[in-house]
Amino acid sequence: MRATESAQGIVDEAEGIIDGVTRSDGREVAERTDAVPAGEAWSVDRVAHMLERLTSDFVLDNTYREQHLSLTASENYPSKLVRMLGGGLQGSFYEFAPPYASEPGEWSFPDSGANASLVAKLTGLGQQLFEAATFDWRPNGGSVAEQGVLLGTCARGDGFVHFAHKDGGHFALESLAGAAGINTYHLPMVDRTLLVDVDRLAVLVAEHPEIKLVILDQSFKLRWQPLAQIRAALPEGVFLAYDASHDGALIAGGALPQPTLLGADAIHGNTHKTIPGPQKAYVAFRDADHPKLKSVSDWICPQMQSNSHAELIAPMYVALSEIALYGHDYARQILANAKALAGTLHEEGVRVSGESFGFTETHQVHIITGCASDALALALGDLARAGIRTTNIEVPGSNGLHGLRLGVQAMTRRGLREAEMREVARLVARVVLRRAEPTAVRTEVAHLLQNFTLDRLAYSFDDHIGSPAAARLLGEVFR
Ligand SMILES: *Cc1c(COP(=O)(O)O)cnc(C)c1O
């Protein structure tokens, strides 16, 4: 494309690309919208051209998001305020203060006090939402949070127990444990129920006294686990951690129990799956004087990361405020939407995991389609072309079969309710089961989404974005 082409031309091109094909990889776009052409001087025109090229990427992405059914279980739509607040200067200052009392030292910088004030707001709200005595906002993602828990509770020669990958366990722990000389064990499961076998866990822990940590780290998660019984089966000194990366908003919204009240030493997770916040994470301890608080916190920061992205404190606070205000309704609508999606998929003849327990107790629905390559081909091929965005997994409890993991939280934020979720199920079934022409389904997807704008998300402060208070805040952020 030439430097003289207008911004509108770029917009048209991006929309043309979107209309033409949905790519399963970005190469075509990369080729067509490649970087600024080589040249000597950065004239005003050159800068304008560079900005136009950047704009085209945003147009491409926004259009994609508007027109696609996002059924990935691990992503969400943050509200306008959450998106905008991260643009302030806060991230240009380091913020190290740990979630325990500490003396000023090597990690203390002089500052205005604003970051400490923002941290206090966020921390107080986080403690309240997760029934915890501490709330460390610093981990930059759910993986760092769980890795901090692992390294802070286990030393070389110790052992830890978590979900096997085939039972939905997260991938971030085993390689690290191996490299650190920590033994890995898997949670025993009761056949077909997707629930932890508490009796066999008790035996496992008794037989291996080096086990110091049990971490419930399911990423493919349809059920609530028997947390109180798990706690009761463990010796007092074994640390019980609950990774709420997926169901954080369901817990904070009161639709699932609070892990800390059932005996978990800590709850941790990221803030961008059911919680519609920035890509960030937290670790919250039940007790402020917990013997592992300092070691877990120090592993996260400063050991594994020194930069905690302080510009994201304010957007985390606003996202959690949305949960505090709307979380009760949001969490219940998520559960109702997941049930509606699963039930209709089942009625349509799609093989849905978990019929014996009503298919789902979370935001997730698991479809079984067969072998790994078929599931991958569906997710990146026909479903993607049909405007339906999802990912393929090995389905827990299916004896090695693969399929799709769907999540309803993003569509719930867009305002879809049970009736629309049943329509979504029919569209998915047409592709998965009846091999409908993807472009025909895509038209119907776009039509369905027309009435559910990304501009005003449900359960968000988007309705307040034009208020004088919000305008003053944003004016100050971008001063
Ligand atoms: C997604 C996920 C993570 C990783 O979170 P990131 O923010 O991507 O680092 C950790 N644990 C579980 C259970 C997850 O599902």
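## Polar contacts of the ligand

In this predicted model, a nitrogen atom of the ligand is 2.7 Å from an N or O atom in the side chain of Asp243, a polar contact being a pair of N or O atoms within 3.5 Å. Two further side chains approach oxygen of the ligand: a polar atom of Lys273 lies 2.8 Å from an oxygen atom, and an N or O atom of Ser219 is 3.0 Å from an oxygen atom. The protein covers 84% of the 380 Å² of accessible area that the ligand has on its own, as given by the Shrake-Rupley method with a 1.4 Å probe.

Local features need pLDDT of at least 70 and side-chain atom pairs pLDDT 80 or more, whereas totals for chains, interfaces and linings use all residues. Residues are numbered from 1 along each chain, and side-chain values use heavy atoms, without hydrogens or water.

## The shell around the ligand

Around the ligand stand 14 residues, of which Gly142, Ser143, Asp243, Asn270 and Lys273 come nearest; a residue is near when one of its heavy atoms lies within 4 Å. By class, this shell holds ten polar and four charged residues but no nonpolar ones, with Gly counted as polar and Asp, Glu, Lys and Arg as charged. Helix H6, residues 142-153, gives the most to the shell, with three residues.

## Lining of the largest cavity

The lining of the largest cavity includes Asp167, Met189, Phe220 and Pro396, where lining residues have an atom within 4 Å of a point on a 1 Å grid at which a 1.4 Å probe fits but cannot get out. This lining divides into five nonpolar, two polar and three charged residues.

Definitions and conventions: A polar contact is a pair of N or O atoms within 3.5 Å; within protein, one must be able to donate a hydrogen and the other to accept it, and residues adjacent in sequence count only if both atoms are side-chain atoms. Helices (H or I, at least four residues) and strands (E, at least two) are DSSP runs, numbered from the N terminus. On a 1 Å grid over the protein atoms alone, a cavity is a set of points where a 1.4 Å probe fits but cannot get out, and a pocket is an open set with protein on both sides within 12 Å along at least five of seven lines; lining residues have an atom within 4 Å of a point.
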